[in-house]
Structure formats: C-alpha cells, structure tokens
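Here is a friendly walk through a structure with two chains to explore. Take a moment to look at the sequence and the picture, then read on.

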Amino acid sequence: MTIKEFKLPDIGEGIAEGEIVSWKVTPGQQVKEEDEFVEVMTDKATVMITVPYDGVIKELTCKEGDVVPVESVIARIEVGATADSPAASTATAVSSGVSSGTSAAATAPAPAAPVSVPAPAAFVQASPGKVLAAPATRRRAREMGIDLHAVKGSGPRGRITNEDLSGVAAQPSRSAPAAATSAPRAAVSLPAPPPGVREERRPFRGMRRKIAEAMSRSKQTAAHFTYVDDINVGKLVALRTEAKQQYADSGINITYLPFIMKAVVAGMKQFPDMNSALDEAANEFVVKHYYNFGIATDTEQGLVVPVIKDVDQKSIAQLALELQELAAATREGRVGIDQLQGGTFTITNAGNIGGLFATPVINFPEVAILGVHAIKNTPVINAAGEVEAGKVMYLSVSIDHRLVDGATGARWMNVIKDCLENPTRLLLGSV
Amino acid sequence: MAAPTRKKKKSPGKKSEATASGAQLLSVLNDDGSAVIGGDPGLAKETLLSLYEWMVRTREFDRRMLMLQRQGRIGFYGPILGQEAATVGSVAALDGEDWIFPALREGAAALMRGLPLREAIAQLIGNEMDRCKGRQMPCHYTYKEGHYYGMSSVIGTQISHAVGAAMAAKIRGDKAVIAGYLGDGATSSNDFHAGMNFAGVYRVPLVMICQNNQWAISVPASKQSASETIAIKAEAYGMPSMRVDGNDVLAVYQATRQAAERARRGDGPTFLELVTYRRLGHSSSDDPSKYRDEEEVKAWEKRDPVDRFRRYLSGKKLWNKAKEEALNQDIADEVNAAIKAAEAAGPCAPETLITDVFAEPTEQLREQFAQVEEVNREQTGEFPL
C-alpha cells in the first residue's frame, strides 16, 4: 500500500496560502475518489476539494482554522487500503477534534500531538550542499556578490527566490546572511485552564483573522502618532438641531458626521498630504485628489469599513442620507464588495459609545484616520473671558509619521477645528 | 437584470428566417419539455439522441475537470455548467467541414469534432500528450483535423480570426462556413466592431455565435451594453440576427442550421445571440458569490438545458430511466479512463522548450538550452525539468 501525500493545490492561479475551513473526513475513514475532502478558503474564494484517490485517510496534518501555504502537505492517504486493514488502524488524529466542527475546538488541544503549520521558511532544503535556484536567480546572486550557500531559500523545497536575495541585500551586513530570512515568530500556545475554572475557545478565523492581519500590518508598518484637540461645537450643535428638524419630514437623519466629513475635506484641500498613501513598491508618495472616506462601522461579525465616495462633491444632506443607507446595509450584511473598496481616508466614530479620546489604528495603507468622540457639556471660556456652559468634542487623528510630520497634522486639525467651531464656513466654502 | 422567465415569450417558436431586429427570442422547448406549436424542427431520432448524449458527456467532463482542478491535478478550468445546449446545439448544426473558432466555453466542440477526451485532459495538464505541448493555458484546446481552431485568450480577438478565415474561405471558393464564437463581454471589444464591419461589408460565409451568459467575469450584461439586446447590434453592420434561447438545444440547432445554410448559399453572415447563463464562476479562480445573487442562479437552474431536453425526449418516448442510468455509467467510465490515460503521459521533453518557433532552433536558443541542461545535471532529480 502506498501512502500519498496531499498537498494544498494552488486553487486560484497564484494564491500563496489557504485557510482550512472544515475537514469532511477523519483519520481512519475509508474514502472514494470524488468524496468531499476539505473546504479551503483563499483570498479569492472558499472551495470544496474532493478526495483524489480511493483509500483510507491516514493523517490530517493541520487543523481547521490553520492557514497553510500552497504546496504544503495537508493530509496523507493510504491508496487502495480499506478501513479495517491493519495499516489503516494506525491512522493518527490531529490534536484537536476535526470532525465535529467548532464545538470540538472548545476542548483544549492535547499537548502530545502539536501540529504546527509549516511556514515557508520551515521547508527543509532538499539535500545539504546543493543549492536550488533558477538560472536567473543564480545570475543575480553572482551580480550581487551573494554566496547562494549562505542564503536560506523560501521557495518549494528550499529553492532560493529573487525575493530571498533582496532580503539578504537589505541586511546591513552581509557577513551574517543567516539572519536574512526573518524567522516567523513562534505561535503562542495557551495551557489548559486550571481545574475548576471555565474557558471558552472560539475559532480564530474568517473575518476576525482578516481584521487581526490588517491591524498588525498597520501597526507594524506605519509610524503612528496621535494628535488630539478639543472643538467647541456650540454653534454646530445649534445648526445641526435646526437642520435635523428641517429634514425630519424627508426621512433624512442629519447627524454630525457629514459636517465633520466636509470639514476634513476642507482640511485636505489645504493640506493634500493628509489624503495620501505610500506606494512602497514604486517608492512614490501618492496624493489622492478624490475624497473617498471609509466609515468604521461596528457589526456583529466585527469591524467593517464601508466607503462613501466623492465626499467633496456631495451636499451635507446627501452625505447624511448615504451614511444612513450604508449603515443599514452594513449591519444587515448587504454591503457589496465595491462599497468596501477605494477608500482614501477613514473616520471612526465612537461618539455614541463614550470616552474622551482614543488612539485609532490607521486603515493601512492610508496615511491617517480620524477618531470622532462624544460631545460633552463642559465649561468653556467665551470671548469676553467669562466661564459659560459649553459643548465640547474631542477629535483624535492618528497619522503615519513616515509621510506626514506633526506640524502638518496640527495645521490640518486647525482647519477642521475652525470649520466646526464656525460652521458657516462649511456652508459658504472657501474662495 | 430580467429574470429568465420574463425573457421567455409564450409563442415565439416560429420558423422564421433571421430577422433584422433580433429582438424576439426564438424558443422551441417549453419548460415542461414539450415543443411549442409548429416549432419542433422534427430532427431524426439518432440526431436527437446524439444531441442529448453530447450534452450529458459535456456536463460530466466539466464536473470532473473542475474537481481535478480543486485536487491540484490540472492547472485551471473554465466551467460551462448550464451552457451545454449552446455549444452542442450549434456545433451539431454545422457540417463537418465547417471551421470552428471558439472562445473560452466551447471546448466541447473540439470533443464533438473528434478530439479524444484523454487529449483534452492532457491539454489541461500540459503534458507530452497535449497537442499544445504545455504552451497554452488550460482549456485552450486545438484540433486542426476537426477544423477546430486553437483559441487566443484575449477577449474578442477570436472575432477577427473568424472573420479573416471567412474572408479567406470566400476568396478561395471553399464550401466551408465559419462559426465564430464570442461572449457577451467581447461585444465591448474593438475587434467586435472591426470584425462585424468587415463581415458585413464583404458578405462572408460566417455565423457569429454570441453566448450571452449574462456575466463577463464580474460584469453583468446590464453594464456591458446599453443596447436593448446584443442581437440588435448586428443591424448596424447590415447583418441579420436572431436572439435564441440558448438553454434550448433545439432552438440553438435550428437557428444555427438556418444561419449556416444562408452563409453556404452565399447570402452572407448571420449573428446569433444565444441567451444563456453561466451558473458557476468565470473560471476555477473566480468566486461569483462576491458579485451576484444566489437567487439569480437558482432561477436559471430551473431552465437547465439538459433537464429540459430530457423531458422532451421522455415525452417522445425516446428516453427513460434505464437509458439514463446506462448512459451516465458509460460516460463516467469513459471520463475515468480518459483521466487515467492522460495522467499516465509524462511531462513534455525539455527540448520542446526551444522547438517550433524557428524551423531550426537558432544558435542562441541552443546555447541557452545547454545552460538549462547544465543546471539540470547539477540538480538531478530536484529541478523539475
């Protein structure tokens, strides 16, 4: 009986990895070609893979929720075996339950059979002494003066790729090329809880994992700094209260957000760098002359950022209506993919929940994100130098310091402050 | 987009010649499998059964190939589920000498013309059994002996190729008619205008067959064109056209037959819009759930071309459950055997890397190949050549 390895195929023309969504077989199970095997989610789609051979499932080498690189072995199948043959009875199970879906994940994995996802760097070189590399890569290495024996390849079977060479070149010293490939951080594994207490385990995948990846990438790439200012919104509150009544009949709920969006556009017109992104591959600073604002929206599944396009070209009432419709669509899960793309800047509104100010995480690769906070009744000092009851709101902006310096961010915030404290400016516009 | 049921008119099945307006939908089969009054083309029993068998074979081949792709056994695949009638009906209505210029979803035409299943699968693998020697993307079959032209991937280019071939056929005085296929997306290409214009002006022996499957990858037909139908576009080129129920194999057969006869008589080109629906993704790399509603797919499932035609055959007492089971088994065996045979073939010889571009490989090519071989020797068994 031969055991065949099943490697995760490239099911979508050029994908790098896939997430195991659910196994449809268990170790020891007799299978036929065409039986459902495993459901895999890639950047492009979630697809069902069927079993390629008749035989018995010998081993599943990764768990549901694992993200595995294409071409890594995810299962072993004993071809032609039957379930009751002696060889098949030694089938080994993966650490946590694989057949009973998410509920199985509630039990802590037994420490005896840890399954680690083979990260690209973990591929073992085919044989010591020989170096795998395409002719073009060899030539490039010669030109760069890099000894291929000292490079750790990240390709299949340890093959050295052009990217690996770039990694070596990027190191300050070539004397230590072993450090060229950054070893992936070892996954933290939590021990089983002490007796008598209860823990719950939920799969870390799907949307939660996507959010996690986006946030980590932003924090690890953008050089965040946060700038906070208070805005005396007394006049804006009066204006909005009046507008709310005037539009009540037309079913449009006029909120503060459209005014703030317009003020942000005014700030960007004066400081265009605040509406930009860095094209790292091209080494170019891309300033956007269109104003598409993502609105961070809280849903049951997690954070979603639908985009309002061309904010500069829409009236405050139009923006209010669009926000209203988009919020409903987002919460009901009706928001289309085109409504989630193309943002140039993001606004996160925590004003209705509470708090004073925050340090928002940039929606990378955008350059900045604005946090909008609750309007509070606060004593303020008026023009005559007297203390009076006022309405004050904090705005926090996190900016990528790689692209924009503090002074620019502060001046940009001053424009917004000026617009919101004197909202007639928003209505009349600039000359 | 209009639901498919709204597109169907109650009695459009008249055997009219192609109309210039192209707004009416030609349909023969009712949903219950009966033929509309006066619409049955009265084909011989053998022809009817052969149409059905090819539709079933096409569907099984398609199902298995998508599965092989998911298992990593072939490169990629462009499924045709739900469009079987369009290819099978139109190809069956042509003469064997007629040339086929396919687009992405007419692979079944090559099989109907005699390309062995195992060679089609070898093309998807790209091994030594593949006529393209692994140099073409999967689904880009070629079969010269069967007058099936190798397809170019670029949208709309097939139109120019087909029209060019039709002009050549006319100049040479060939009897052959050219069938040129395109999708709804290709009607927005430059080649569409150039090709249609030449075809109209030179009155070439051509049948342009547009499989309007409602989706050009993620672009719906409603965003493809502001025209009321695709068929009416032909009017601008002085070409008669017909709008045909593409999930009705008899209507497709009948319309293609008329158009081909017209071309053979020397009366010039005809444009056919086959209204159908792509039920799966554009290719194995596409996820249609990201851009379209599942309800729409469900509505079209009810108009499945294979089911409709099976009901027609059953109604004529030409088909029953026992025959269905026997056919399914035969075809499953046939496809399985073909997969085995195709997978048994080895990879293309490394030398084929430098052959076929020049009659004799140039000095430079030979030198480069020697370098490749050198590397290969250094890494015997580890470099996949």
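## A hairpin and its sheet in chain A

Let us start small: a hairpin of 4 residues links β4(A) to β5(A). Strands here are DSSP runs of E with at least two residues, helices are DSSP runs of H or I with at least four residues, and both are numbered from the N terminus. Strands β4(A) and β5(A) pair in the antiparallel sense through 5 bridges; two strands count as paired if DSSP finds at least two bridges between them. You can find individual bridge partners too: A:Val40 has A:Val47 as its partner in β5(A), and A:Val38 has A:Ile49. In addition, strand β2 (residues 17-23) of chain A is joined to strand β4 (residues 36-41) of chain A by 4 bridges, with the two running antiparallel. Within this pair, A:Glu19 stands opposite A:Met41 in β4(A).

Now put these strands together. An open sheet of 4 strands has the order β5-β4-β2-β7 (chain A), with antiparallel pairing. Because β5 and β7 (67-69) of chain A stand at the edges with a single partner strand each, one side of each is left without a neighbour in the sheet. From one strand to the next, the twist averages 40°.

## How far to trust the model

Residues are numbered from 1 along each chain as its sequence is written, and chains are lettered from A and ligands numbered from 1 in the order in which they are written. This is a predicted model, in which local features need pLDDT of at least 70 and side-chain atom pairs count only at pLDDT 80 or more, while totals for chains, interfaces and linings use all residues.

The score pLDDT is the predictor's confidence in each residue, from 0 to 100. Chain B averages a pLDDT of 90, and 92% of the residues score at least 70. Over residues 1-21 of chain B, however, pLDDT stays under 50, and the model has 40 contacts beyond four places in sequence for that stretch. For the complex, the predictor gives an ipTM of 0.71 and a pTM of 0.58.

## The two chains in outline

Chain A has 9 helices and 17 strands, whereas chain B has 13 helices and 8 strands. A residue is called buried if 20 or more other C-beta atoms lie within 10 Å of its own, exposed if 12 or fewer do, and partly exposed in between, with C-beta atoms placed from the backbone. By that rule, 31% of the 431 residues in chain A are buried, and 45% of the 385 residues in chain B.

Two residues are in contact if their C-beta atoms, placed from the backbone, lie within 7 Å. Among contacts in chain A with a separation of 6 or more, 63% are between residues 24 or more positions apart. In chain B, 76% of the contacts between residues at least 6 apart in sequence join residues at least 24 apart.

## A parallel sheet in chain B

Chain B holds an open sheet of 6 strands, in the order β1-β7-β8-β4-β3-β2, with parallel pairing. Its edges are β1 (25-26) and β2 (99-101) of chain B, each with a single partner strand, so one side of each is left without a neighbour in the sheet. Strand β3 (residues 178-183) and strand β4 (residues 206-212) of chain B pair in the parallel sense over 6 bridges. In β4(B), B:Leu206 is the bridge partner of B:Ile178.

Helix α6 (residues 157-172) of chain B lies across β2, β3 and β4 of chain B, at about 170° to β3(B). Such angles run from 0 to 180 degrees between N-to-C directions, and the axes are lines fitted to C-alpha atoms, for helices over the stretch in contact.

## What lies inside

A nonpolar core is a set of buried Ala, Val, Leu, Ile, Met, Phe, Trp, Tyr and Cys residues joined through C-beta atoms within 7 Å. The largest one has 96 residues, and B:Ile178, B:Ala179, B:Leu206, B:Val207 and B:Leu272 have the most contacts inside it. Helix α2 (residues 45-70) of chain B gives the most to this core, with 11 residues. Another core, of 50 residues, lies apart from it, and includes A:Ile295 and A:Leu426.

Helix α3 (residues 84-92) of chain B is mostly covered, with 9 of its 9 residues buried.

## Where the chains meet

In the contact between the chains, 19 residues of chain A touch 16 residues of chain B. Strand β5 (residues 46-50) of chain A gives the most to chain A's side, with 4 residues. By class, that side has 11 nonpolar, 2 polar and 6 charged residues. Here Ala, Val, Leu, Ile, Met, Phe, Trp, Tyr, Cys and Pro count as nonpolar, Asp, Glu, Lys and Arg as charged, and the others, Gly among them, as polar.
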